[in-house]
Amino acid sequence: MSDAAAEIEAGLRALGERFREAFARAATEQDLRNAKAEVLGKSGDLTKLLKLMGKVPAEQKKSIGEQVNAVKADVESAFDARLGQLARALREADLTARPFDLTLPGRVPAPRGHLHPVTRVKDEILDIFRSLGFEISWGPEIDLEANNFEKLGFPPDHPATDMQDSFWVTVEGGRPDARVLLRTHTSTVQVREMSTHTPPMAIVSGGPVYRRDDDVTHSPMFHQIEGFLVAERVSFAELKGVLTAFAERLYGPGTPVRFRPSYFPFVEPGAEVDVGCVFCHADSEPAAGRGPRASCRVCKATGWLEILGCGMIHPAVFEHCGIDAEKYTGFAFGMGVERVAMLRYGIPDIRLLFENDPRFLAQF
Ligand code: DAH
């Protein structure tokens with residue numbers, strides 16, 4: 001055997017199982033690749049041996065070549081096996097590791113927000129009516145003049161429409177006979193629901209309304225809640241019952257409630273509802289009764305706070321909405337949400353609610 005052939009054979013033997021041990025020690029894929037390079041790489045042990053091939057006599061080349069290839073194949077298959085093992089171990093570790101908790105708070109605590117006081121009060125009012133059996137509905141903030149005024153019994157150019165000086169919307173290519181405005185009240189929802197459903201129905205709806213008003217108690221955008229109930233033989237007694245229950249849930253059991261005659265074009269008779277002044281009551285001794293305090297600026301010493309308008313739905317409204325006014329009767333009511341929030345939290349100026357100053361809003 002030539003020297004070169006003998007040297008190669010000796011080298012292959014020396015390589016022996018060494019690479020297997022190195023592969024077994026490799027703890028990462030990178031370690032493993034480094035270990036492989038030490039055998040098969042440019043200056044690896046096996047590569048160095050191959051450089052001697054040129055000196056091997058022709059008749060021995062085949063046998064030596066086969067031995068080299070067998071070792072090479074061994075190295076490759078040992079490498080693949082170990083690579084597979086490492087990958088499985090990594091995955092196993094991933095699966096058994098404690099799960100990453102996405103809900104953990106961040107290192108820098110993010111301040112937690114909360115609902116706007118108007119939203120909170122609106123939801124609370126809607127919830128009370130829902131618990132009394134009313135269904136919640138919705139209407140658009142931009143609506144037809146007819147839904148906002150005429151169908152509710154406001155005659156065209158009635159002074160009442162001045163009372164609610166409106167924001168008109170110009171619709172490109174819109175019909176001149178179908179004027180559009182930002183709704184001035186949520187009573188539009190009555191028209192929409194009564195025109196598309198048949199009684200019995202009991203519905204509440206809440207959302208923004210718009211008027212050209214701007215002072216400490218009026219904002220050009222504010223929120224109203226509208227409710228109505230239509231069925232056979234509904235009377236003013238049901239209206240009183242529902243609104244008294246509502247007032248007691250909102251302001252506490254035993255809250256005094258009174259109904260005063262008033263006028264709205266879409267109800268007959270119409271009324272305004274007052275509750276006993278929450279500020280006078282809170283301050284008076286129970287034994288001293290519930291009389292107004294001369295100094296109460298909230299109720300102006302009357303002892304009463306106006307909270308909503310209501311009445312029995314006018315037969316003309318039923319007719320405009322395609323409901324048989326001979327068969328059905330119903331009641332409706334509407335109220336401002338900001339007023340309730342202002343009374344609840346003692347907020348003196350409505351504009352504070354919409355300036356979005358976090359120093360103000362964080363107090364609720
Ligand atoms: N829409 C009236 C307003 O904005 C409030 C109102 C009064 C609604 C009486 C009603 C009602 O449903 O019956 O001033």
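Domain bounds here come from an automatic or database domain assignment. For this chain, that assignment gives domain 1 (3-96) and domain 2 (117-361). The model is predicted. A ligand is present, with 16 residues around it. Two cis peptide bonds and one unusual backbone angle are also covered below.

**Domains**
- Domain 1 covers residues 3-96, and domain 2 covers residues 117-361.
- The centres of the two domains, taken over C-alpha atoms, are 86 Å apart.

**The ligand and its shell**
- The ligand occupies the space of the largest pocket.
- Of the 16 residues that surround the ligand, the closest are His 185, Ser 187, Arg 211, Gln 224 and Glu 226.
- Three strands each supply at least two residues of this shell: E6 (221-231), E9 (304-313) and E10 (329-336).
- By class, the shell holds eight polar, six nonpolar and two charged residues.

**Polar contacts with the ligand**
- Arg 211 places a polar side-chain atom 2.7 Å from an oxygen atom of the ligand.
- For Glu 226, an N or O atom of the side chain is 2.7 Å from a ligand oxygen atom.
- For Gln 224, the distance from a side-chain N or O atom to an oxygen atom of the ligand is 2.9 Å.
- The ligand exposes 350 Å² when taken alone, and the protein buries 91% of that.

**Cis peptide bonds**
- Pro 199 and Pro 200 are joined by a cis peptide bond, with omega about 5°.
- Pro 200 sits in the loop between helix H9 (188-196) and strand E5 (201-210).
- A cis bond also runs from Glu 268 to Pro 269, where omega is near -5°.
- Pro 269 belongs to strand E8, which spans residues 267-276.

**A positive phi angle**
- Arg 233 is not a glycine, yet its phi is positive, near 60°.
- Arg 233 is found in the loop between E6 and helix H10 (236-251).
- Strand E6, at one end of that loop, is also one of the strands that supply at least two residues of the ligand shell.

Technical notes. Residues are numbered from 1 along each chain as its sequence is written. This is a predicted model: local features need pLDDT of at least 70, side-chain atom pairs count only at pLDDT 80 or more; totals for chains, interfaces and linings use all residues. Side-chain values use heavy atoms; hydrogens and water are left out. A residue is near a molecule or strand if one of its heavy atoms lies within 4 Å of it. A polar contact is a pair of N or O atoms within 3.5 Å; within protein, one must be able to donate a hydrogen and the other to accept it, and residues adjacent in sequence count only if both atoms are side-chain atoms. Accessible areas come from the Shrake-Rupley method with a 1.4 Å probe; for residues, only the protein chains shown count as cover. On a 1 Å grid over the protein atoms alone, a cavity is a set of points where a 1.4 Å probe fits but cannot get out, and a pocket is an open set with protein on both sides within 12 Å along at least five of seven lines; lining residues have an atom within 4 Å of a point. A molecule sits in a cavity or pocket if more than half of its atoms lie within 2 Å of its grid points. Helices (H or I, at least four residues) and strands (E, at least two) are DSSP runs, numbered from the N terminus. Ala, Val, Leu, Ile, Met, Phe, Trp, Tyr, Cys and Pro count as nonpolar, Asp, Glu, Lys and Arg as charged, and the others, Gly among them, as polar.
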